[in-house]
Amino acid sequence: MTLKIFLEVVELRTKVASVFPFAIGVLFSIAFFHEIQWLNTLLFFIGMLVFDLATTAINNYMDYEKAHSEIYKYEENVIGRTGISPKLVRNMILAMIAFVLVIGILLTLRTGWLLLLMGMICCFIGIFYTFGPIPLSRMPLGEIFSGFTMGLGIFTMVIYINTHRSDLFDLTLSLTTGTFNLSGNIWAVAAIFLAALPLVFTIANIMLANNLRDLERDIENHRYTLVFYIGRPIGIMLFQLLMYACYLILLIGLISGIFQWPILLAFLTLPKIHLNLQLFKESLPQPISFSYSIKNMILFNSSYALGLFATILLNQL
């Protein structure tokens, strides 16, 4: 397998969806909790990226194995189109997951048991999102699982590895006595959840946009997603609602003291995102429609990150 084919199988260009929860999690750790552990952050980034590559490879592998359309299987899917061995792809996936397991154990030893628990849940969802007899992506739950696993899961784990010494939330476990204790600060957890919601919504919208575009082809390949059940018109309304809700969350966070005034920089993107939402609706079901969800996710989350970065600078004055 050449490097070019490997990058096609893992779709490196699409990893921006996981990089934003990581980057914003780091910035929020500094801006709100005033803590950062750079070695933990680096280790987590490596493990997160490799696992994201693995899940994309699983997606392409399972789409190849379960394809009902011969045209899709041998002309569109990267495995069939390039003629690489499915066994080689499977072994590559297993190797990447094993590597992530090592990183996860190392980080658990450096932080706490709660990271292992959160990591296992996210990895389970990530793997079975496209793997198994009934993948989560082929059910009307794909948007929920992708949004919360990446938007909330990655974000929360990044904060945990940077703030575990402060006991904001933690899990203590004694293997000798067989006891455990889950503790935390309810206001800190609420702040994390609220700050993660824009990430959840923008990432869920990527899956929703994909399903809105591919509705007919998904039905042909026996993929019955959320759009199949609610219909394309309601799906478009949901897509728009989730995007506008991101701005509402920032306002709630500002009023409640979770964010500071620089977060209002994100509102400068509202006119462009409003235009993209209209163009998305008009271009469906053409392939170009999907690009608007990516543009909105990058535009909004970049401005979100910029607002947090400006907050950090403001706090240094």
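This report looks at aromatic ring pairs and one pocket in a predicted model.

## About the model

Residues are numbered from 1 along each chain as its sequence is written. Local features need pLDDT of at least 70 and side-chain atom pairs count only at pLDDT 80 or more, while totals for chains, interfaces and linings use all residues; side-chain values use heavy atoms, without hydrogens and water.

## Aromatic pairs

Let's start with the rings: the structure holds 16 aromatic pairs (rings of Phe, Tyr and Trp, the last by its six-membered ring, with centres within 6.5 Å; planes under 30 degrees apart are stacked, over 60 edge-to-face, the rest tilted). Phe 28 and Phe 32 are stacked, because their ring centres are 5.1 Å apart and their planes stand at 10 degrees. Phe 28 is buried at 1% relative accessible area, whereas Phe 32 is partly exposed at 27% (buried is under 20%, exposed over 50%, partly exposed in between, with a 1.4 Å probe and protein chains only).

Tyr 160 and Phe 169 make a tilted pair, with 5.6 Å between centres and 45 degrees between planes. Tyr 160 is buried at 0%, and Phe 169 is buried at 10%.

## The second largest pocket

Phe 169 also appears in the second largest pocket: among its 18 lining residues, Leu 114, Met 118, Leu 152, Thr 156 and Phe 169 lie nearest the centre. A pocket here is an open set of points on a 1 Å grid over the protein atoms alone, where a 1.4 Å probe fits, with protein on both sides within 12 Å along at least five of seven lines; lining residues have an atom within 4 Å of a point.
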